[in-house]
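Dear colleague,

I am handing over a structure for you to look through, and below it I have set down what was found. Please keep it open beside you as you read.

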Amino acid sequence: MPPKGPLPDIFVSGRPSGRSEGYRVLTPRTPHSRAGRAEEGFTEVELQDYQDEDAKTYRTQSQQQSQPLLSPNARVPGYRSRGDDESKTKGGLKRFLSNLPLLGGDHTARPIYIPTPMPLPTPSIVETRPPPDLLISYENYTSFPLTGDEYRHECAKLMSGFMHHGAYWDAPRMGTHDVVHHDDVTNYHLPEGQRTRVCTSTITYLLDGHVGLMADLALMAQAAAHAREQNRTFFVDDTHWNRGKWTEHFQPVEGRELGPEPGCLPPPPEELVACPRTARHWVISSRTALYHMGHSFSEEYEDPFMHNVQRWRPIYERAVKSFEEVIRPNAYTAALIRSARQELAELLSIPPPPVDGPGNNDVGSQHDETAARQMYIGAHIRKGDRVPDGFIFYPDKQIPLENYITGVRSTWDRLYGTTNVSASQPGSSGAQPDVSSGRPDHYPAPPITWLASDSPAAAREFVAAFSPATAMFSLEHNTNPALRALAPKHAYVQAEFDAENAEERVRLTRGMIVDFAMLSGMWAWPGEVLPGAVVCGMGSNVCRLAALGFGFDPAFGFDDDGDHTMGSINRERRRWVDVDVDGKIEPPWVAFEFH
């Protein structure tokens, strides 16, 4: 049947004649499959949104076409594709959003450069094994470092029945006993200043908690001197210490004593050897000191040409240097010490030291201080479990409190008496400028004293022996709460110390360090007040070490023009006043003791 009307012009390509003003591009109805959408076309908006190669190719081809396949006004019935009547913009936006994960994947799939770290080199371990007859075996131990008693047992096995002949540091003729060493010699290519290798040769002081703080420090000072003189790196091991960590009270020794190999690592604890001292990594403690600091030590380090206490001068000087360079309080402890000195100066109306004076950037020894800053007497009363060195002179094996009271009064009168002349004049009796009121009923009445004692009862009895106007300073009576909290609550007994909780042990240790600084003048900043003398009992290690703060000659009264070759203490000029032995036993002073 013929059509009712004329058929519209259909051009396969090109534009319809006479209708170019209404021309618009139509989507051809040709099969086009993408992502499984067979027989669905793409609008121009969709193709631009996709921005993929197929769309670009399709768009390029459509732009090159001169005429549409269908006339714009043709309404031919038949198959209609889905979305013919939908808005192009709306459909394109929906498809864009639905395919957004694919677009994101396109961007994230772009290559990202991630630097790959260089693989660590394979460790290269070199084993050094002594001959079988010189090998020290720790096969029966499972925990390292050993305790002080275990190291002492090892020394006893090695040294029993054997006397070493020769110089102190001479290696035995048959060779040095030692353990097996495993050295990592790998070059890890670390930044400049970082090291991975163990020190070549070391000396370690083991804090084993067996003795008091000052007994340990006295021995440690000599061990640090050994390391300094023998060109060995010095370390402190606090694994078994019952007073906290070393750095809770003092500065790290690695930062103070760099040694011959700055930055090298401490040895593995299983490679420490207590005997002999010529081992590669020597460890010493209060329990093994008697094997190393006895007769052979005295032969090596005492002055053989002097007498009495003068023979100990080299050992004294070694200890002083260790306290000045290695054994230093940390920042918190140093602040407490300075606070105690500042309060004493303020209550005595002493001008503070200049804040920008020379040397204020470096904490220094008080040896160079003038006599004008030595304005009080230090007094230390030791009770508790301590037996005095001169116990044979005391029926109850306790130093009478009257000895301390008399010692403080007589020392004040000798050094600060108004009839004495300046200590700066040779041959004088060693007078100091007196900042007291000079009257027993007017504060600050003499003797101006810093009192340290482990026994609160003994301290109260001592204070009661003087007038109420006497200038008495101590931790217990300090205005700084942080210092008052450090005062002991009962007499010190070493065997009971471990029964205290850890916080209490740290507190008591910190208080002892502050008391020691005030008694000795050790670790003073330039211009701070200092003690003019210390009165104490030789049986206490606090008393022994307090002598280090005054310098050898002033401490024992040798700072005049007299001949002191025989080494007898000059009682008229001494700053270290012993009320225990008091010259009845020679030598009147020693640097340490054995346990």
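**Strands, sheet and helices**

Please bear in mind that this is a predicted model. Along strand 2 (residues 181-184) the side chains alternate, with His181 and Asp183 pointing to one face, where they are buried, while His182 and Asp184 point to the other face and are not buried. This follows a general pattern, since in a regular strand the side chains alternate between the two faces of the sheet. The partner of strand 2 is strand 1 (residues 125-128), and the two pair in the antiparallel sense over four bridges; within this pairing, Val126 has Asp183 as its bridge partner in strand 2.

There is also an open sheet of three strands, which has the order 4-3-5 and parallel pairing. Its edge strands are strand 4 (233-237) and strand 5 (281-284), each of which pairs on one side only, and neighbouring strands of this sheet are turned by 20° against each other on average, direction ignored. Strand 3 (residues 202-206) runs parallel to strand 5 and is joined to it by four bridges, with Ile203 standing opposite Trp282 in strand 5.

Helix 6 (residues 213-229) packs on this sheet, where it touches strand 3, strand 4 and strand 5, and its direction makes about 175° with that of strand 3. The axes of helix 6 and helix 9 (residues 313-325) come within 8 Å and cross at roughly 90°, which means that helix 6 is roughly perpendicular to helix 9. By class, their contact has seven nonpolar, three polar and five charged residues; among them are Leu217 and Ala221 in helix 6, and Ile315 and Phe323 in helix 9.

With best wishes

Key: Residues are numbered from 1 along each chain as its sequence is written. This is a predicted model: local features need pLDDT of at least 70, side-chain atom pairs count only at pLDDT 80 or more; totals for chains, interfaces and linings use all residues. Side-chain values use heavy atoms; hydrogens and water are left out. Buried means under 20% relative accessible area, exposed over 50%, partly exposed in between (1.4 Å probe, protein chains only). Two strands pair if DSSP finds at least two bridges between them. Axes are lines fitted to C-alpha atoms, for helices over the stretch in contact, and angles run from 0 to 180 degrees between N-to-C directions. Contact means heavy atoms within 4.5 Å. Angles under 35 degrees count as roughly parallel, over 145 as roughly antiparallel, 65 to 115 as roughly perpendicular and the rest as oblique. Ala, Val, Leu, Ile, Met, Phe, Trp, Tyr, Cys and Pro count as nonpolar, Asp, Glu, Lys and Arg as charged, and the others, Gly among them, as polar.
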